[in-house]
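Here is a short tour of one protein structure, written to be read with the model open beside it. We will go from the cysteines to the charged pairs, then on to a sheet and a pocket.

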Amino acid sequence: MTTNYCIISNNKSKFLTKFKGCILDKRERDFIDGFKNYLSIEKNFSEHTLDAYCSDIVAYILWLDGISCVDVDFNKLREYLHFIQRFDYKKTTIARKTASIRTFYKYLFRERYTDSNPALSLSAPKRPKSLPKFLTTEEVEKILNNVKIDTPAGFRNKVILELLWATGMRVSELSNLNFGDLNLEENEIRVFGKGAKERIVLVSQRAKQYLEQYITTARKLIAPEYNTNEINDNTPLFINSTGFRLQNKTIRKAINDVVEKIELPKKVTPHVFRHSFATRLIENGADLRVVQELLGHAGISNTQIYTHISMKHMQEVYESAHPHS
């Protein structure tokens with residue numbers, strides 16, 4: 001099936017990138033299909049990031065208006081960035097669109113669709129620095145204690161949130177878990193992060209007990225009409241009602257349902273659980289390199305931001321508790 005795309009402006013003058021109406025030619029579709037596979041298989045991007053990058057490239061190709069993407073130079077790329085800056089995008093969005101183009105041309109050059117990489121020196125506006133949002137331990141426990149576990153799917157959701165809190169996994173890493181990744185005797189789970197990089201995360205005793213109970217009881221009841229008893233190393237750990245691998249959006253919905261129920265005045269996502277996990281470790285004296293390994297960060301600079309969160313939290317506690325602050 002051919003996907004149709006077009007570029008339009010809505011009443012807020014925002015540049016939208018993915019709508020039915022305009023058709024890319026076959027070669028361009030092949031470029032995008034190959035790029036999508038590259039992002040999914042080799043870069044191990046989440047579905048959300050993959051869709052965003054591909055939509056960015058569709059919009060860019062359509063803007064070229066008949067000029068082949070393999071025939072442009074650096075100046076043409078700069079012209080496109082100048083064009084999209086006329087709209088009300090945030091700097092983070094401009095930065096992502098720039099990253100999409102850089103990654104796209106890296107892929108084209110690697111596959112020898114182009115003789116040079118015109119995006120090699122392409123730079124994006126600096127992203128505004130902001131500290132990641134996180135939950136207090138009390139807020140996390142309140143969420144965990146209010147997950148409805150009166151159904152097999154509800155108990156599965158409880159186990160998932162316990163694991164997010166205990167391990168700091170990304171939601172895509174968790175949904176991609178297979179039985180062969182488990183080493184519960186040693187309280188370890190193997191995960192594959194960005195770029196398919198393998199690492200080991202540690203599981204708390206509490207999360208392990210919930211997980212073992214899910215495996216022995218709840219899992220087979222989630223999809224009773226399907227044969228879920230045949231398990232090998234490649235069998236998905238978390239499944240939906242049809243016996244297939246659970247999708248990220250189901251996990252996000254499970255979190256949203258609980259947050260709305262308890263009326264927590266914060267936006268909570270799976271990544272907020274990851275931030276909360278790292279923040280607690282730093283606040284309790286964990287070595288920065290250990291936290292880096294557990295999170296799967298490529299560089300220590302990505303992990304150091306949690307020390308800033310910890311210092312900010314410490315300052316807030318000091319100002320609220322000290323009589324002369």
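C69 has a relative accessible area of 3%, so this cysteine is buried, falling under the 20% limit. C54 is at 9% relative accessibility and therefore counts as buried too. Keep in mind that this is a predicted model. How many disulfides does a search of the whole structure find? The search finds zero.

Not far along in numbering from these cysteines is another residue worth a look, A52 in helix 2. With a relative accessible area of 16%, A52 is buried because the limit is 20%. A52 and R96 are 44 residues apart in sequence, and their C-alpha atoms are 8.6 Å apart in space.

**Charged pairs**

Turning to charges, a search of the whole structure finds 15 salt bridges. The table shows three pairs, with the distance between the N and O atoms.

| Salt bridge | N to O distance |
|---|---|
| E111 and R110 | 2.7 Å |
| E162 and K158 | 3.2 Å |
| E173 and R199 | 2.9 Å |

Take E111 and R110 to begin with. E111 has a relative accessibility of 33% and so counts as partly exposed, between the limits of 20% and 50%. R110, with a relative accessible area of 41%, is partly exposed as well.

Are E162 and K158 buried or exposed? Both of them are buried. The two residues are four apart in helix 6 (residues 152-167), which means that about one helical turn separates them. Their salt bridge also belongs to a wider arrangement: E141, K158, E162 and R206 are linked in a network of salt bridges.

For E173 and R199, the side chains meet in a salt bridge of 2.9 Å, N to O. This pair links distant parts of the chain, with E173 in helix 7 and R199 in strand 5, 26 residues apart. E173 is at 2% relative accessibility and therefore counts as buried. R199, at 8% relative accessibility, counts as buried as well.

**The sheet**

R199 brings us to strand 5, so let us look at the sheet that holds this strand. Three strands form an open sheet in the order 3-4-5, and the pairing is antiparallel. Which strands are at the edges? They are strand 3 (182-183) and strand 5 (198-202), each of which pairs on one side only. Strand 3 pairs with strand 4 (residues 188-192) in the antiparallel sense, over two bridges. If you would like a residue to look for here, L182 stands opposite I189 in strand 4.

**A pocket beside helix 7**

Helix 7, where E173 sits, also takes part in lining a pocket. The pocket in question is the second largest, and its volume is about 400 Å³. Its lining is made up of 18 residues, and those nearest the centre are S40, N44, F45, S172 and N176. Which elements give two or more residues to this lining? They are helix 1 (26-42), helix 2 (47-64) and helix 7 (171-175). Helix 2 is also the helix in which A52 lies. By class, the lining of the second largest pocket has nine polar residues, six nonpolar ones and three charged ones.

Definitions and conventions. Residues are numbered from 1 along each chain as its sequence is written. This is a predicted model: local features need pLDDT of at least 70, side-chain atom pairs count only at pLDDT 80 or more; totals for chains, interfaces and linings use all residues. Side-chain values use heavy atoms; hydrogens and water are left out. On a 1 Å grid over the protein atoms alone, a cavity is a set of points where a 1.4 Å probe fits but cannot get out, and a pocket is an open set with protein on both sides within 12 Å along at least five of seven lines; lining residues have an atom within 4 Å of a point. Grid points are joined across faces, edges and corners, and a volume is the space filled by probe spheres set on the points. Ala, Val, Leu, Ile, Met, Phe, Trp, Tyr, Cys and Pro count as nonpolar, Asp, Glu, Lys and Arg as charged, and the others, Gly among them, as polar. A disulfide is a pair of cysteine sulfur atoms within 2.5 Å. Buried means under 20% relative accessible area, exposed over 50%, partly exposed in between (1.4 Å probe, protein chains only). A salt bridge is a side-chain nitrogen of Lys or Arg within 4 Å of a carboxyl oxygen of Asp or Glu.
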